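Let's take a walk through this one together. Have the viewer open and follow along.

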Amino acid sequence: MDKVLVANRGEIAVRLMRGCHDAGLACVAVYADQELEAPHVRFADEAFALGGTQPSDTYLAIGKLIDVARRAGADAVHPGYGFLAENADFAEAVVAARLTWIGPPAKAIRDLGDKTVARRLAAGVGAPLVPGLPEPARDVSEIRSFAADHGFPLLIKAAFGGGGRGMKVVRRPEELDQAFESAVRESTAAFGRGECFVERYLEEARHLETQCLADGTGKVVVLSTRDCSLQRRNQKLVEEAPAPFLTEEQEGRLYEASKAILAEAGYVNAGTCEFLLAPDGTLSFNEVNTRLQVEHPVTELVTGIDLVEQQLRIAAGTAVSFDPDGVSAEGHALELRVYAEDPKRFLPGPGRISVWEPPRGEGIRLDAGYGEGDIVTMHYDPLLAKLCVYGADRAQALDRARAAVRSFRIEGPKNNLPFFVELLDNPEFVAGSYDTGLVNRMRASRKSG
Amino acid sequence: MAEEVRAEMAANVWKVVAAEGDSVEDGDTLVILESMKMEIPVVAESAGTLTQLTVNEGDIVNEGDLIAVID
């Protein structure tokens with residue numbers, strides 16, 4: 001491998017290109033018309049215009065991306081996250097074009113991308129699972145009989161959903177018909193597929209996950225756990241590694257289930273297994289993310305292992321650079337997703353960045369997709385940067401994060417830094433015993449006084 | 001007293017979930033807007049009857065545009 005096409009944009013494209021340079025590889029950027037001067041284009045060794053403004057004509061245009069790879073003489077493609085990262089057709093097209101796909105096999109992407117298949121696979125290897133329908137529901141009466149057996153609340157989920165979308169909580173039988181009908185409609189509109197299944201819903205659960213690497217020899221290593229419970233609109237805002245205050249038993253179950261699931265799926269390269277942990281200790285497998293994730297830096301910070309480096313090695317058929325039996329997590333890391341959103345209602349908005357003064361301090365890592373003078377447009381999600389902080393323990397990481405959010409200055413588009421200032425003093429968050437309901441509780445208490 | 005539900009930012013109207021004449025409660029989703037690749041629900045902040053729903057799926061709204069009236 002000499003040259004990698006990074007089929008993405010923003011902060012992750014820059015991060016991946018840094019990884020390529022660290023490994024002595026050249027990197028190629030692609031861009032939509034309006035991104036001619038974007039940071040990822042400036043960073044790359046070569047950049048190719050995709051011709052167009054919409055994602056469908058640019059970052060989602062498989063034919064154009066393969067064509068750029070050929071013209072640039074790239075021998076590998078990294079899809080990043082989002083866009084085509086979990087598109088099995090893209091993985092197959094890359095391989096068919098005799099390029100190296102930096103990611104898992106297309107079959108694993110396809111199998112694990114169907115949540116009902118993933119559930120059956122997990123159940124088959126004995127992973128913990130809440131009760132749920134094994135196949136998408138053909139009609140609402142199937143869901144009604146599931147409810148008769150298992151009770152409420154239930155979660156209707158899009159089988160091909162993701163990113164926190166395509167989920168409807170149903171608390172009462174009268175809501176079922178409307179919820180199922182709109183779930184199918186919205187899923188079709190958002191994901192192109194209307195299949196929905198149902199599971200018992202775990203209220204006030206923690207969202208936990210494991211960063212895994214399958215090295216291609218059949219060995220699956222878990223590098224660290226992460227806690228991603230701090231969410232708004234079912235999307236992550238903050239992630240921590242390792243997940244705070246897990247018992248050894250809980251950690252063991254997460255590790256064993258993750259390794260079994262990925263091994264059974266024939267997985268290769270980096271992937272994440274997601275779980276929910278209810279207040280009563282019930283653990284349930286949620287899904288597998290067949291890609292490198294936004295929050296991968298927190299695992300890198302506590303293990304000292306560069307995930308992109310390992311991805312490149314595994315794709316090239318080389319051994320990973322660390323001892324798979326010697327992985328240990330030390331210290332604690334947090335990632336705060338700095339979004340172009342207001343800090344109270346989390347409503348997004350574009351703008352030209354007139355001031356960008358990054359935070360300085362010990363243990364800070366900033367993965368940014370923008371800088372001073374750059375324009376945040378309406379075309380893409382509002383992620384400005386990932387502010388990551390490392391400390392010798394969680395308390396130090398929190399202290400460093402408090403200083404970092406106060407010293408980070410962004411002007412132009414709105415930003416959610418003031419929310420993090422508030423969060424880092426929230427008693428539940430500081431105690432490390434919070435769940436996916438925390439942001440709603442913070443906003444509810446603000447509303448009432 | 002009528003509640004005027006207005007758009008809080010520029011966005012596309014992705015889904016209209018409620019209909020004129022519906023009985024709504026505080027917290028019910030009326031429409032779902034899409035902005036910057038994210039779905040943002042617009043919810044009722046009072047209980048009552050949805051007497052006006054002034055947007056259709058596919059419309060573009062600007063900050064401050066009226067979306068619905070609840071009486």
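Keep in mind that this is a predicted model. A good place to start is helix α9 of chain A, residues 248-264, which lies across four strands of chain A: β9 (206-214), β10 (220-232), β12 (269-277) and β13. Relative to β10(A), the helix runs at about 110°.

Those strands belong to something bigger, so to speak: an open sheet of 8 strands in chain A, in the order β13-β12-β9-β10-β11-β14-β19-β17, with antiparallel pairing. Which strands stand at the edges? They are β13 (283-289) and β17 (364-368) of chain A, and each has a single partner strand, so one side of each is left without a neighbour in the sheet. Going from one strand to the next, the twist averages 25°. As a reminder, strands of a sheet pair through backbone hydrogen bonds, either parallel or antiparallel.

For a look at one pairing, pick strand β14 (residues 332-339) and strand β19 (residues 383-391) of chain A, which run antiparallel and are joined by 8 bridges. On this pair you can find A:A333 standing opposite A:Y390 of β19(A).

Now zoom out to the domains. The assignment for chain A gives domain 1 (3-102), domain 2 (131-200) and domain 3 (206-447). Taken over C-alpha atoms, the centres of domain 1 and domain 2 of chain A are separated by 35 Å.

Next comes a helix pair. Helix α1 (residues 10-22) and helix α11 (residues 307-315) of chain A pack at an angle of about 65°, and their axes are 9 Å apart. The crossing of α1(A) past α11(A) is right-handed. On the α1(A) side, A:R15, A:L16, A:G19 and A:D22 meet A:V308, A:E309 and A:L312 of α11(A). By type, the residues of this contact come out as 3 nonpolar, 1 polar and 3 charged.

Helix α5 of chain A (residues 106-113) holds A:R110. Is A:R110 buried, exposed or partly exposed? Its count is 17 other C-beta atoms within 10 Å; being buried takes 20 or more and being exposed takes 12 or fewer, so A:R110 is partly exposed. A:N87 is 23 residues away from A:R110 in sequence, while their C-alpha atoms are 7.7 Å apart in space.

Last, the partner chain. Here 10 residues of chain B are in contact with 12 residues of chain A. On the chain B side, strand β5 (residues 38-43) gives the most, with 3 residues. That side of chain B divides into 5 nonpolar, 1 polar and 4 charged residues.

Terms used
Residues numbered from 1 in each chain as written. Chains lettered and ligands numbered in written order. Predicted model: local features only at pLDDT ≥ 70, side-chain atom pairs only at ≥ 80, totals over all residues. Domains from an automatic or database assignment. Contact = placed C-beta atoms within 7 Å. Helix = DSSP H or I, 4+ residues; strand = E, 2+ residues; numbered from the N terminus. Nonpolar A, V, L, I, M, F, W, Y, C, P; charged D, E, K, R; others polar. Pairing = 2+ DSSP bridges. Axes fitted to C-alpha atoms, helices over the stretch in contact; angles between N-to-C directions. Left-handed = near helix turned anticlockwise from the far one by under 90°.
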